[in-house]
Amino acid sequence: MLAMEYRGPKRVRATQKPMPEIKHPQDAIVRVLRTCICGSDLHLYNGNVPDTRVGSTFGHEFVGEVVEVGSEVTKLKTGDRVIVPFNIACGECHFCRQGMFGNCHESNTEATAVGAIFGYSHTAGGFDGGQAEYTRVPYANVGPTIIPEGMDLDDAVLLTDVVPTGYQAAEMAGIQTGDTVVVFGAGPIGIMAARCAWLFGAGRVIIIDQEDYRLEFARNYSYCEAYNFREMNDPVVFIKKITDWMGADCVIDAVGAEAAGNAMQTITGRKLLLQAGSATALHWAINSVKKGGVVSIVGVYGPTDNLIPIGNVLNKGLTIRANQASVKRLLPRLIDHVQNGVLNPKGLITHRLPLEEVADGYRMFSAKLDNNIKTVLLPPTANQ
Amino acid sequence: MENKTLDPTQIKGWGIDADPKNDPTYPMRDRMNVGQDPDSKHRPDSLQPVDTEVLRSIERPNVSAVFGTPAPPTGLSGLIRRAAFKYSENRYRHWLPLIVADRVNVVEGIVSDLAHGKVPNIWAEKGYNVEWKHNRSAFITKMSLIAAATAGVVLWLSSSSDSKKKRRPEPRNYLSRF
């Protein structure tokens, strides 16, 4: 089968790999119909996630059709079309039973700090991802959700990560009616977080990025104010200034390890890997939220350390909330929002490429070429 | 001195100000500590057979019920990875060797490609087609700078090794004094 394959930092290709096999009675094999490149895939692409092995297949955003099920799979059958949450969850462990499906304890042997994620290095379980024609889906009774009748596959594929992560970013921000919410990062997650902030009653939503085309997109898609930090002397002072010198009630870090904007962070975090990525956005978030405010983190960082002003967290009395999205918990509500027209996930998609051109897709997203926001990859078998 | 196990409910004042509603994790989590969980060690009934090498974090007692299998550790990078997994996720000596192993693995990947008669198409793998299509002038500038810098370093290294050769003194014939 055709699959994306990692060969080294900024080097990927589409190549033939063996078909996945059932390894556990609760496994299913899924024929991928749509798969996306996620912003967090860029951390892998750039070689910044420890234990990313050559030969791995990335891709944690995919939907597909079930073509084979293990002997203990009771909730799916061959032919079902499913949304596959990006996190792999057993549904039975101490954490899953608390709704923490992004923190499952029975799917990742190689690290305890992170649950398993499809196609996200051996640090996240060593599972091959969905940027392929076929993928093994563990715990098929738990994660995969049947795509509702009439739902567009383009909407469905964005319910695997982008929509739940953006929604949970807003949820974790603890937004109260009338609150001012600042979102750092106008990538797909940041744009969705800004859109979802309104669902929680925000009074004002502001998004900050360095790419004008993304800011323009966010302005239209998320109905928010959008500002380019390259045009500011200091983004923290700017936010203080436009919030009556108080700071925002809630700030969302939707950037993570690839942040630009601070040379010291970029060199130590992204170039020398002395930190678990560049923590510029988180640094700004802590300093621009008001005293007693909430910082919500969905931007992905590595497993080691980052330089952030933790003293300010203490002195300002901040609450920091963070997690990988609990996709399974959120899916029923988000499916409703999509079906009722409240959210329009597929409106984020700007590019469609055949899986064969996966290397071009990664480069385009990484270098922000051709006004790229979100790329969908189509495996050759998707139209069968 | 030996540590004693206490029944916390016997401590004066235990729980008198407890407020279940004061839970910053709501609604992300249905709060349940291990003591409230009648089966906190619960595992799925079926466990994936361990028929390949799986590196296990020493912060957990067992292999998880399912795990990924596609790329077991091999070669020099595998040796480094195995050594890294002797340490916990709390230690740099776990993570930094893994990053080193990843880089070694890249070289192993190229060697493996060549050994299988495949010359990696670096241009295509790096997606330079789209840089050429959408970002040509910046791409040419960037490549020119990289080429110039590389040539400069090569020239500098070769000239410094030439000058070292020139400056190297003639070997003395120590035996002649005898």
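## A pair of strands to start with

In which sense do strand 11 and strand 12 of chain A pair, and over how many bridges? Strand 11 (residues 204-209) of chain A joins strand 12 in the parallel sense, over four bridges. If you would like a residue pair to look for, A:Ile207 has A:Ala226, in strand 12 of chain A, as its bridge partner. Please keep in mind that this is a predicted model.

Helix 5 (residues 212-222) of chain A lies across these two strands, strand 11 and strand 12, and runs at about 160° to strand 11.

## The whole sheet

Zooming out, the two strands belong to an open sheet of six strands in chain A, ordered 12-11-10-13-14-15 with parallel pairing. Strand 12 (225-228) and strand 15 (319-322) are at the edges; each has a single partner strand, so one side of each has no neighbour in the sheet. On average, and ignoring direction, neighbouring strands of this sheet are turned by 20° against each other.

## The annotated domain

An unreviewed UniProt entry carries the annotation "domain: Alcohol dehydrogenase-like C-terminal" for residues 188-265 of chain A. In the model, that span is 44% helix and 21% strand, and its end C-alpha atoms lie 23 Å apart.

## Where the chains meet

Now to the second chain: 50 residues of chain B are in contact with 57 residues of chain A. On the chain B side, helix 2 (92-115), helix 3 (122-125) and helix 4 (128-134) each supply at least two residues. Helix 2 of chain B gives the largest share, nine residues. Sorted by class, this side of chain B has 22 nonpolar, 14 polar and 14 charged residues.

Terms used: Residues numbered from 1 in each chain as written. Chains lettered and ligands numbered in written order. Predicted model: local features only at pLDDT ≥ 70, side-chain atom pairs only at ≥ 80, totals over all residues. UniProt positions renumbered as here; feature names shortened; annotations may be inferred. Contact = placed C-beta atoms within 7 Å. Nonpolar A, V, L, I, M, F, W, Y, C, P; charged D, E, K, R; others polar. Pairing = 2+ DSSP bridges. Axes fitted to C-alpha atoms, helices over the stretch in contact; angles between N-to-C directions.
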